[in-house]
Amino acid sequence: MMNAFEVQPRSILFGLQPIDNGDDYMFESAGSYIVRLSYAHQVAPHHFIRNFLNPALGQCGVSNDLFISYGFSAMNGYRAKAEGYLNALAVFTGQQNIKLLSMSPWVTLLDSMGKGLFHSSKRWCPKCLFEWRSAGETLYEPLIWSLKSLECCPLHQCEYEEHCNHCGKEQYMVQRVLPVGYCPECGSFLGHAFKMKARILTQKELYLLNLVASRNNVKEFHNLHYLLREGIRVVMAQLCVSSTKKLENLLSFSQATISQWFSDSKRGTRPTLSTLLNFCVAVNVSPADLLFNHSSIKAEANVANLDGRRTFVNADKKDWVENRFRAIVENQKEIISVNQVADELKVGDSYLRYHFPDISAMLVSKNNQLRAQKKKANIKRKTQLIENTCRTLLRNGVFPSHNYVRGVLQDELNSFGFGEFTTIWNEVIKRL
Ligand SMILES: [Zn+2]
Ligand SMILES: [Zn+2]
């Protein structure tokens, strides 16, 4: 007969349930889970990690840097250190979905170093904490609070805080002592209900939430980098560009970035989270569609907002480029190519041709007119030159034969096209 222990297999640690309040992206982070798990065993997190978790992984002691500078990457990331912690926690607690509390679902999509993935110190929404405590709910830290591409709470539309409201201190990435929601420096609660400046989430931030929320779409057999390339191929087909280089040009994306995502060489071939989101914003396709739902892709081409580049709201940038482009064409006195205008306006020439086909056509037609005018003026000048030479020769009693006139104008002949001299000479000599 089975005993109770076999019916209900026991885990080494308390089988604490991660918090997931069901709206797709507010699920708990691994760093927060470890802190709550420690207190479920009546010990402070640094004690728990030093005396239990690290020894179990064959590591001795615990560096303070884990709490101060690399805790997000070590707990919430997808590199080897996080993988070790997450696997151990899954085994010890029997909670198989612990991996989903980190960015590990995206390990085959994003760059291997996890560059620019996390904030450099803890961020939190004081209103979320305040509401949870007021409602008697468990305090926790969602994974999204640690992600650098998000600066604003999607539930309260307020910017995250990064300093304790009472003592002004930055917080540990992973709580070292005290439960989640309390400042270890002064013990104060980090939540409050003070009025805060409201702001709307940017498209990039919305796409970050969309990516995080689609973690359940990731299957173990998926190579997300491959799915990304397939998605980009659909985008390219819709925007009628035949190469990644042309796509970079069209979106004014950093040169060679998208091309590198398609390169099979070992290094640097996967996007950082921020660059990937910039790409999604530029083509107006959500990360979930770009990866998992190719038939829903409806791509547009906008100028990409890149990290470190002066930021324009896309619509403003497009208006500005359109006005400048129109002004250049309307005041045009010289032949100028679309390429030259594109260089001047710091966009790709495909961007101009794609967004402003009418102005581009106007430029081409003005160039043709200017070329025709120039040609006409040139022929007039040459005819005048030959006529004057003939008249001078006649006045001096010399017949202006083809060869004689050619000889006199020797230095000028370089500027004549093939057969041009003969045609003009014939026409002039008939008139004289
Ligand atoms: Zn909030
Ligand atoms: Zn404090």
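Let's start with packing: 34% of the chain's 432 residues count as buried. Keep in mind that this is a predicted model. On secondary structure, the chain has 19 helices and zero strands.

Now for the overall shape. A compact globule of 432 residues would come out with a radius of gyration near 22 Å, whereas this chain has 34 Å. Along the principal axes, the C-alpha atoms fill a box of roughly 130 × 50 × 40 Å. As for who touches whom, take the contacts with a separation of 6 or more: 66% of them join residues 24 or more positions apart.

The domain assignment splits things up as domain 1 (11-106), domain 2 (219-296) and domain 3 (374-431). Going by C-alpha atoms, the centres of domain 1 and domain 2 sit 32 Å apart.

Let's zoom in on helix 3, which covers residues 45-56. Which of its residues are buried? They are Pro 45, Phe 48, Ile 49 and Leu 53. These residues lie on the same side of helix 3, because they cover an arc of only 90° around the axis. The spacing is the usual helix arithmetic: with 3.6 residues a turn in an α-helix, residues three or four places apart point the same way.

And what do the buried residues of helix 3 pack against? Their partners are helix 2 (30-40) and helix 6 (80-93). Once you step past the end of helix 3, you meet Gly 58, which has a positive phi, near 80°.

Definitions and conventions
Residues are numbered from 1 along each chain as its sequence is written. Chains are lettered from A and ligands numbered from 1 in the order in which they are written. This is a predicted model: local features need pLDDT of at least 70, side-chain atom pairs count only at pLDDT 80 or more; totals for chains, interfaces and linings use all residues. Domain bounds come from an automatic or database domain assignment. A residue is buried if 20 or more other C-beta atoms lie within 10 Å of its own, exposed if 12 or fewer, and partly exposed in between; C-beta atoms are placed from the backbone. Helices (H or I, at least four residues) and strands (E, at least two) are DSSP runs, numbered from the N terminus. The arc is that of the directions from the helix axis to the C-beta atoms. Two residues are in contact if their C-beta atoms, placed from the backbone, lie within 7 Å. The radius of gyration is taken over C-alpha atoms; the globule rule is 2.2 Å times the number of residues to the power 0.38.
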